[in-house]
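Okay, thanks everyone, I'll keep this short. Let me put the structure up on the screen, and then I'll walk you around it.

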Amino acid sequence: MYTLYGYPKTRSVRIAWALEELGLPYNYHLIDLKMGQHLTDEYRAISPAAKIPALVTEEGALTESAAIVTFLAERHGMQEFIPEPGSFERAKYEEMMLFLTSELEQPIWNLAKHTFALPSEQRIDRMREVAVWEFQRVLPVFSAMLADNEFVCGNMFTMADVIAGHILAWAKGSKLDLTANGKCENVAVYAQRVLGREAYERAWRNEVSHMSK
Ligand SMILES: N[C@@H](CCC(=O)N[C@@H](CS)C(=O)NCC(=O)O)C(=O)O
């Protein structure tokens, strides 16, 4: 059985969400970021960068959330959740995953880093304004890519929607406007659609329940 190393309100919910979509049972191991549990030698043996999430499989540990959800879909959901390797649709899926993690996510991550995630002496106030500006610049690009499709890869829900959905939930939680002043209504509607999935709700509820154990 898989073991997910995670912490509520972090990227580990992406993996929990993917596992829930696939109907796979998993162990959940809470790594308390606030207590510095990710910085131990024991955890670094699983995640050399000391980051969350990590998924331990029978063959070894995996890190990087986009790679993990892709692996899970390929192994357990090939008829659903991911286009076939070698297809044009798969190329578009990979393109979307890279766009999401290298373009759409970065301004939100920068905002978080310069608000609380970096050590206080490394935070730069002006970086928060730059991050908001960058988010407003990239959102219309995502909006155009999404167009009037139901999901980011067309009409099929894929693991790219897990990543996109989490990024948009994170943006909303960071008080960023998902409509870019009404110019990107399709993004807000899409976010509501994917974040309304039961598997997402089960995933974050499960993570939160481990905090009180
Ligand atoms: N690209 C990585 C990013 C992982 C990451 O930065 N995780 C954050 C939590 S969401 C973390 O572990 N932060 C602790 C730290 O940076 O010390 C992924 O998508 O898995």
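Let's start at Ala147, which is exposed because just 8 other C-beta atoms lie within 10 Å, and the cut-off for exposed is 12 or fewer. Before I go further: this is a predicted model, so please keep that in mind throughout. Ala147 sits in the loop between α5 and α6. Its phi is near 50 degrees, a positive value in a residue that isn't glycine.

There's another residue of that kind to look at. Asn181 isn't a glycine either, and it has a positive phi of about 55 degrees. You'll find Asn181 in the loop between α6 and α7, with α7 covering 185-195. And is Asn181 buried or exposed? Exposed, because it has 7 C-beta neighbours inside 10 Å.

Now over to helix α5, which is residues 125-146. Trp133 is in that helix. Trp133 counts as exposed, since it has 11 other C-beta atoms within 10 Å. To give you a feel for where that is, take Trp133 and Thr57: they're 76 residues apart in sequence, and 40 Å apart in space, C-alpha to C-alpha.

For a contrast, look at Pro107. It lies in helix α4, residues 88-117. Pro107 has 22 C-beta neighbours inside 10 Å, and the cut-off for buried is 20 or more, so Pro107 counts as buried. What is Pro107 in contact with, leaving aside its neighbours within four places in sequence? That would be Ala131, Glu134, Phe135 and Val138. Also, Pro107 and Val130 are 23 residues apart along the chain, with their C-alpha atoms separated by 8.0 Å.

Okay, stepping back to the whole chain. The protein chain is divided into two parts: domain 1, which is 2-80 plus 199-211, and domain 2, which is 88-197. Their C-alpha centres lie 20 Å apart. Where they meet, twelve residues of domain 1 are in contact with nine residues of domain 2. On the domain 1 side, the elements giving two or more residues are α1 (12-22), α3 (65-76) and α8 (198-211). The largest share of that side comes from α3, with five residues. By class, that side of domain 1 has eight nonpolar, two polar and two charged residues.

That takes us to the core. The largest nonpolar core has 50 residues, and the ones touching the most other members are Val69, Met159, Ala160 and Ile163. Helix α6, residues 159-173, provides the largest share of this core, eight residues. So where does the core lie? Between the two domains, because domain 1 and domain 2 both give residues to it. As a general point, nonpolar side chains tend to be buried together in soluble globular proteins.

Let's zoom in on Ile163. Setting aside its neighbours within four places in sequence, Ile163 is in contact with Arg14, Ser65, Ala66, Val69, Met97, Leu100 and Thr101.

Next, the strands. Strand β1, residues 2-6, is joined to β3 by three bridges, and the two run antiparallel. One pair to find there is Tyr5, whose bridge partner in β3 is Ala54. Then β3, residues 54-57, also pairs with β4, residues 60-63, again in the antiparallel sense and over four bridges. A hairpin of two residues connects β3 to β4. Across that pairing, Leu55 stands opposite Leu62 in β4, and Thr57, the one I used for the distance to Trp133, stands opposite Gly60 in β4.

Just ahead of β3 there's a feature worth a look. Pro53 is in the loop between α2 (41-44) and β3. The peptide bond from Ile52 to Pro53 is cis, with omega near 5 degrees.

And that brings me to my last stop, the ligand. Which residues surround the ligand? Ile52 and Pro53 are among them, and so are Ala50 and Lys51. The others are Thr10, Arg11, Leu33, His38, Glu64 and Ser65. Ser65 is a residue you've met already, as one of the contacts of Ile163. By class, the shell around the ligand has four nonpolar, three polar and three charged residues.

That's my tour. Happy to rotate the view if anyone wants another look.

Conventions:
Residues numbered from 1 in each chain as written. Predicted model: local features only at pLDDT ≥ 70, side-chain atom pairs only at ≥ 80, totals over all residues. Near = placed C-beta within 6 Å. Nonpolar A, V, L, I, M, F, W, Y, C, P; charged D, E, K, R; others polar. Pairing = 2+ DSSP bridges. Domains from an automatic or database assignment. Contact = placed C-beta atoms within 7 Å. Core = buried A, V, L, I, M, F, W, Y, C linked by C-beta atoms within 7 Å.
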